Amino acid sequence: MKAILVNPDKSLRWDDVPDPVLKEDEVLVKIEAAAINRADLMQRDGDYPPPPGCPEWMGLEVAGTIVEMTEGAKTKSSYRVGDKVCCLLGGGGYAEYVSVRYDMCMPIPKNCSVVEAAAMPEAYATAYLKLFVEGKAKAGDMLLMQAGTSGLASVIIPLAKAFGLRVITTVISDPAKIKHLGADLVVDTRKENLAEVLKREEEAGRPVDIAIDCLGGQTLGDCLPYVRYGCRWVVIAALAGSKTTIDLTNLFKKNIRIIGSTLRSRTPEMKAYILSELVRTVWPKVEEEGVKPTIYKTLPIEEAEAAQALLQRGESVGKVVLTVS
């Protein structure tokens with residue numbers, strides 16, 4: 001089969017690799033679409049290696065058709081050859097085929113295309129982990145979602161709204177680009193200071209209960225004085241800088257929790273639990289209320305380099321997806 005490999009100069013090529021060999025409890029999926037995540041860019045640069053046993057090529061989420069199953073997968077799951085599924089991977093999604101444990105697969109929601117489904121496993125599992133496991137989200141909470149034009153925000157904002165949260169998000173471009181996501185307040189940080197906005201919100205009785213922060217930097221420390229008592233500030237990346245200054249008095253006075261969190265480092269058992277919860281609690285929202293990811297652009301997998309460049313330039317608003325013919 002073919003897969004996207006990284007050349008010594010960090011460019012990408014579509015080249016031959018060995019066919020997957022199924023392990024116990026695995027299924028073989030013929031990939032029809034694979035979504036791009038920022039973690040793929042980090043892996044390409046050598047900063048985010050795949051877990052042991054995963055293919056060396058990138059790709060954390062795909063959708064396609066089951067074409068082969070082990071006896072264990074047949075016995076332990078309700079899937080059958082020919083079923084359409086979307087899958088969460090440790091790596092290996094930029095390819096024609098991938099082998100994956102049956103419990104890392106989910107049925108494609110009835111109202112979703114294969115392209116939309118490919119953009120869901122990593123993003124929705126991450127959203128569920130940050131919102132409900134780390135953030136303890138409940139209806140009525142105030143969520144701060146940093147980087148509102150990101151692929152993850154395109155999932156988390158409508159998902160949070162569907163579960164009754166109020167949402168503040170940030171952008172460094174025209175706020176109208178994400179109007180369709182339904183955030184209650186969009187802060188253009190080119191024009192407004194986020195800490196000052198949160199201070200006004202706190203004074204109005206609307207302090208932040210949960211923050212999902214992929215930016216970090218000094219803004220993190222500047223904002224903490226204006227969150228609610230018991231706030232959970234979930235840090236998932238540090239695109240704006242890995243260092244900040246925090247007044248520790250705020251932490252213990254307000255019982256603030258700063259939580260570092262990644263999905264990729266979780267155990268297979270935890271990932272399987274999250275996927276099962278997605279199918280049970282989130283898929284009905286997808287099918288009944290149309291809580292689907294925003295697809296910014298679709299490109300053939302041979303153009304993976306151009307597709308990743310959309311994320312590198314910060315151009316994409318929502319998810320970028322590769323299609324495999």
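Trainee: What makes the strands from β10 to β13 one sheet, and in which order do they stand?

Mentor: Six strands form the open sheet, in the order β10-β9-β8-β11-β12-β13, with parallel pairing. Strands here are DSSP runs of E of at least two residues and helices are runs of H or I of at least four, numbered from the N terminus; two strands pair if DSSP finds at least two bridges between them. This is a predicted model, where local features need pLDDT of at least 70 and side-chain atom pairs count only at pLDDT 80 or more, while totals for chains, interfaces and linings use all residues. Residues are numbered from 1 along each chain as its sequence is written, and side-chain values use heavy atoms, leaving out hydrogens and water.

Trainee: Why are β10 and β13 called edge strands?

Mentor: β10 (185-188) and β13 (257-260) each have a single partner strand, so one side of each has no neighbour in the sheet.

Trainee: How do you know that β8 and β9 pair?

Mentor: Four bridges join β8 (residues 142-145) to β9 (residues 166-171), and pairing asks for at least two, so they qualify. Leu 143 stands opposite Val 167 in β9.

Trainee: And what joins β12 to its neighbours β11 and β13?

Mentor: Five bridges link β11 to β12 (residues 227-235), and four link β12 to β13. Trp 233 of β12 is the bridge partner of Ala 211 and stands opposite Ile 258 in β13.

Trainee: Why is the unit of β11, α7 and β12 called right-handed?

Mentor: The term means that, with the strands pointing away from the viewer, the path from the first strand over the helix to the second runs clockwise. The unit made by β11, helix α7 (residues 218-223) and β12 is right-handed, so its path fits that clockwise description.

Trainee: Which residues of α6 are buried, and what puts them on the same side?

Mentor: In α6 (residues 194-203), Leu 194, Ala 195, Val 197, Leu 198 and Glu 201 are buried (under 20% relative accessible area; exposed is over 50%, partly exposed in between, with a 1.4 Å probe and protein chains only). They cover an arc of only 160° around the axis, which puts them on the same side of α6; the arc is that of the directions from the helix axis to the C-beta atoms. The face turned away from that buried side carries the exposed Glu 196 and Glu 203.

Trainee: What do the buried residues of α6 pack against?

Mentor: They pack against β8, β9, β10, β11 and α7, where contact means heavy atoms within 4.5 Å.
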